[in-house]
Amino acid sequence: MIDPPPLIPLRMLNEYVYCPRLAYLEWVQGEFAHSADTIDWAIKHKRVDKGQGRIPDHPEPDEKIHARSVSLSSERLGITGKMDLVEGEGLRVTPVDYKRGKRPHIPGHVYAPERVQ
């Protein structure tokens, strides 16, 4: 039996849509240089990455859900991702992804890299 290929992080898809060449340099060549923005992101993301809260296996209809750093993957799609925050009530939850800056003034209010993510 052949092993399935490794799962692709959603962040990699975001970066590929933004700039395929830059994604290649970072993910294949391993070339990455931190900037003030990436350092600021890492500092602010420490709270999210601590992973507080949890998503219950069988939530009650009115149970409040608030969980940080929730991993999700699909072998069928071959992708994996980590949501900054999942919040909701009962069986209805909403993923929340923290972004820097103002929301873009374009249809859908999101750029293509973040839409694919």
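**Fold, salt bridges and buried serines in a predicted model**

Read from the start of the sequence to its end, the chain runs through the pattern β-α-α-α-β-β-β-α. That comes to four helices and four strands, where helices (H or I, at least four residues) and strands (E, at least two) are DSSP runs numbered from the N terminus. The model is a predicted one, in which local features need pLDDT of at least 70 and side-chain atom pairs count only at pLDDT 80 or more, while totals for chains, interfaces and linings use all residues. Residues are numbered from 1 along each chain as its sequence is written, and side-chain values use heavy atoms, with hydrogens and water left out.

Some overall values help to set the scene. Taken along the principal axes, the C-alpha atoms of the chain fill a box of roughly 50 × 45 × 30 Å. The accessible surface of the chain is about 9600 Å², and 57% of this belongs to carbon and sulfur atoms; accessible areas come from the Shrake-Rupley method with a 1.4 Å probe, and for residues only the protein chains shown count as cover. Of the 117 residues, 20% count as buried. Here, buried means under 20% relative accessible area, exposed means over 50%, and partly exposed lies in between (1.4 Å probe, protein chains only). Among contacts (heavy atoms within 4.5 Å) with a separation of 6 or more, 38% join residues 24 or more positions apart.

Side chains of opposite charge can pair when their charged atoms come close. How many salt bridges does the structure hold? There are two, a salt bridge being a side-chain nitrogen of Lys or Arg within 4 Å of a carboxyl oxygen of Asp or Glu. One of them joins the side chains of Glu15 and Arg11, at 3.8 Å from N to O. Both residues belong to helix α1 and sit four residues apart, about one turn of the helix. Arg11 counts as partly exposed because its relative accessibility is 42%.

In the other salt bridge, the side chains of Glu89 and Lys64 meet at 2.7 Å, N to O. Glu89 lies in strand β3 (residues 79-89) and Lys64 in strand β2 (residues 64-74), so this pair ties together parts that are 25 residues apart in sequence. Glu89 is partly exposed, with a relative accessible area of 36%, whereas Lys64, at 64%, counts as exposed.

Strand β2 also holds Ser69 and Ser74. Are these serines buried or exposed? Ser69 is buried, as its relative accessible area is 15%, and Ser74 counts as buried at 18%. Leaving aside neighbours within four places in sequence, Ser69 is in contact with Val48, Asp49, Gly51, Lys82, Met83 and Asp84. With the same neighbours set aside, Ser74 is in contact with Leu7 and Ile79. A polar atom of the Ser74 side chain also lies 3.0 Å from the backbone nitrogen of Leu77.

Turning to the surface, Tyr16, Val17 and Val116 make a nonpolar patch of about 260 Å². Patches are made of residues with over 30% relative accessible area and no salt bridge, with like charges joined within 9 Å and nonpolar side chains (Val, Leu, Ile, Met, Phe, Trp, Tyr) within 5 Å. Val17 lies in helix α1 (residues 10-18) and counts as partly exposed, at 36% relative accessibility.

Technical notes:
Polar contact = N/O pair within 3.5 Å; in protein donor to acceptor, adjacent residues only side chain to side chain.
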